[in-house]
Amino acid sequence: SIEWSAVIVDEAHRIKNPKAQITQTMKSLKCSVRIGLTGTILQNNMKELWCVMDWAVPGLLGSRVHFKKKFSDPVEHGQRHTATKRELATGRKAMVKLARKMSGWFLRRTKALISDQLPKKEDRMVFCSLTEFQKAVYQAVLETDDVTLVLRAGEPCSCNSGRKRKNCCYKVNAHGETIKSLRFSYLMILQKVANHAALLQTDNASKLQEAHIKRVCSQVFSSFPDFVQLSKDAAFETISDPKYSGKMKVLQQLLNHFRKNKDKVLLFSFSTKLLDVLEQYCMASGLDYRRLDGNTKSEDRIRIVREFNSIQEINICLVSTMAGGLGLNFVGANVVILFDPTWNPANDLQAIDRAYRIGQYRAVKVFRLISLGTVEEMMYLRQVYKQQLHCAVIGTENARRYFEAVQGSKEHQGELFGIHNLFKLRTHGSCLTKDILEREGRVEAGVITATTWLKEENRSCSSEKVRSLCGLPQLKREETDFWDDFSDDDILESSVKKCDRRKPSNGTNSMVTKGQLSLMQCGFSKLLQREIETAKEGDDNYNSHHSSSDDHTVTKIVNSKHAKMPDRKGKESGSQNIDEFSSSEDNFPVEKIHARKQSYKCKRQKGRVQFGSKMLCPIQDTSVAQMKPSNCAMHRTNASKTVFEHQEQKMESMDNYLDGVQEVAYIHSNQNVVGPSKAENHLSRWAVRDVFELKQFSQLPAN
């Protein structure tokens, strides 16, 4: 009944479910002004964005059905890896329209504003192989009758009624449990096995789950009587022994390494029961640690944080992801280990920010442990999907399109959604994440090859024409730098027009028109071969003139980034080469190169990392890999260069150390997995032009 002048809500993202009581209560407050504060307005899907905005500015985005039709569906379908040009163009257009609608009511600030106050951060994904025991238990869970019932729920019923099994004769299992309850219960069981099989013990389990877990364990562990007996006789040793968990073996190596280097570690886990396992391991190893979870009293929380930050001997703190992921300041730690992922990427990011925040003066190393081929890998990939959606909608950026899947779509479940993707064990050491990232990397490499080829064609056409007409000598580099001031679209359009006028019309080049700049139509294989030859020629010329150079050849198909080429063609290959979007082995883009055009064209550079099937190693560059941006006008002293080189050597030694751990199957940098790319900018502009301006090629693949 009170009419408030203003209502200001912190953590406004909690108003994300239209049917939730908190949402109904917040909407019932009468006020003239509503202000919401949040760092993650979109965590899982676009419905959450609509719900928060409909509370703040009722009716701004229309009804929920209208929002889904006009914004949500076009944007999400346009994010598919195999989207057509029409789907991509329609999605980008909807994204821009949504941003304009929200612009007057939505104020966004990012960490880029305080980047000069934050140290360097390295974020690694470490994929750990399961032990043979874990694989056997995991497969045994998948072969239970209950999981089979869940997987076959969508099939036609055997009674020939025409209905699905879950809606007919197989609504519940033999113990009266519904398909929905079985689905969530067994997902939790698979997560436990992926971390440590001993988590299936019923100690401290709720009464509701105890009978169910006992039945599952009796069926699963019937093939492993030795483990069951050992768990009864020596439960402490069984739970704390790393040999029953691939992740525990990797964690053991990491903690030993950080202990020698006197690093302070934050070890996060979503499960308090898993924290018990980790605590028992720390006790067995003689580590001085502290623990903070939901049962920790407020006064004890303050004491634990103060002791950890100030006492050097306490080098590890066990923290619950949900209880300790908000409001705590652990700037004493310089290493963050996320032992298990969560479905919501915001939870993991909040946990990392307990150490990576203002007041932190040391470089922060983040390690996210993922069990290879299990449900945890699907959890991580869904995190990437949600973050890419946030990047596209909130950041209004042309986010990379990794996946075939669309959340909530039965037609496009792809590699992410659907029950069959969750209840699966990928064996033989295959990594779905690696396959997806490499696939997107090949597309980006091809796009940049195509744009580079078109720019070189245009420049060679124009320079040859001017020199032939005016009799001018070879142009100097400074005289041709005006090309850098043109946008990519200007260069591409002028390239097509000028080259078409110069070349005689024939059956081949008549097909290369302005609207046909997709990979297949540009002749990707020929363009790539031409780039390889150009790169080799440039490297040969460079090596013959500069045999004592400190630069390194990065890949087989690109020129060295910092080489000064003797001719114009070589120079262009060095300034806009495919190296920015490919690695030496699988063409996967790890570091996005930002070419910030300032006065005198001062360009800052980032390091690049090289991918193998297992090894992540930095490629030496004139700057440090994944270093924070620095002002080009500032001159680095010899002392600062020494510090940077020392940090780079430490990062390389860490990668080499992980490579020597047998259970580590694959490592990749998570720094720039999420976000836009130059290639995606090109593809989006070409799709919008073809569909809405030229009105052609709308059903062709956007890639």
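Here is a short tour of this predicted model, from the whole chain down to one helix and one strand pair.

**Whole chain.** Start with everything shown. You're looking at 703 residues, 51% of which count as buried. The chain has 24 helices and 11 strands. Take the contacts between residues at least 6 apart in sequence: 75% of them join residues at least 24 apart. Switch on a surface and you have about 33,400 Å² exposed, with carbon and sulfur atoms supplying 51% of that area.

**Helix α3.** Now select residues 64–78, which make up helix α3. Its 15 residues reach 20 Å from the first C-alpha to the last, close to the 21 Å expected at 1.5 Å a residue. Where does α3 bend? Click on S72: the bend there is about 35°, and a proline, P74, follows within four residues. Both S72 and P74 are among the buried residues of α3. To see the rest of that buried set, add F67, F71, V75, E76 and G78.

What covers those buried residues? Bring up α2 (46–56), α4 (85–102) and α15 (375–393), which are included in the cover.

**Strands β5 and β6.** Hide that region and select residues 289–292 for β5, plus 316–320 for β6. Are these two strands parallel or antiparallel? They pair in the parallel sense, over four bridges. For one of the partners, pick Y289 and look across to I316 in β6.

Last, add residues 298–310, helix α13. Together, β5, α13 and β6 make a right-handed β-α-β unit, so follow the path from β5 over the helix to β6.

Note on methods:
Residues numbered from 1 in each chain as written. Predicted model: local features only at pLDDT ≥ 70, side-chain atom pairs only at ≥ 80, totals over all residues. Heavy atoms only, no water. Pairing = 2+ DSSP bridges. Buried < 20%, exposed > 50% of the residue type's maximum accessible area, 1.4 Å probe, protein only. Contact = heavy atoms within 4.5 Å. Areas by Shrake-Rupley, 256 points an atom, 1.4 Å probe, with all protein chains shown as cover. Expected span 1.5 Å × (residues − 1). Bend = angle between axes of the 7 residues up to and from the residue.
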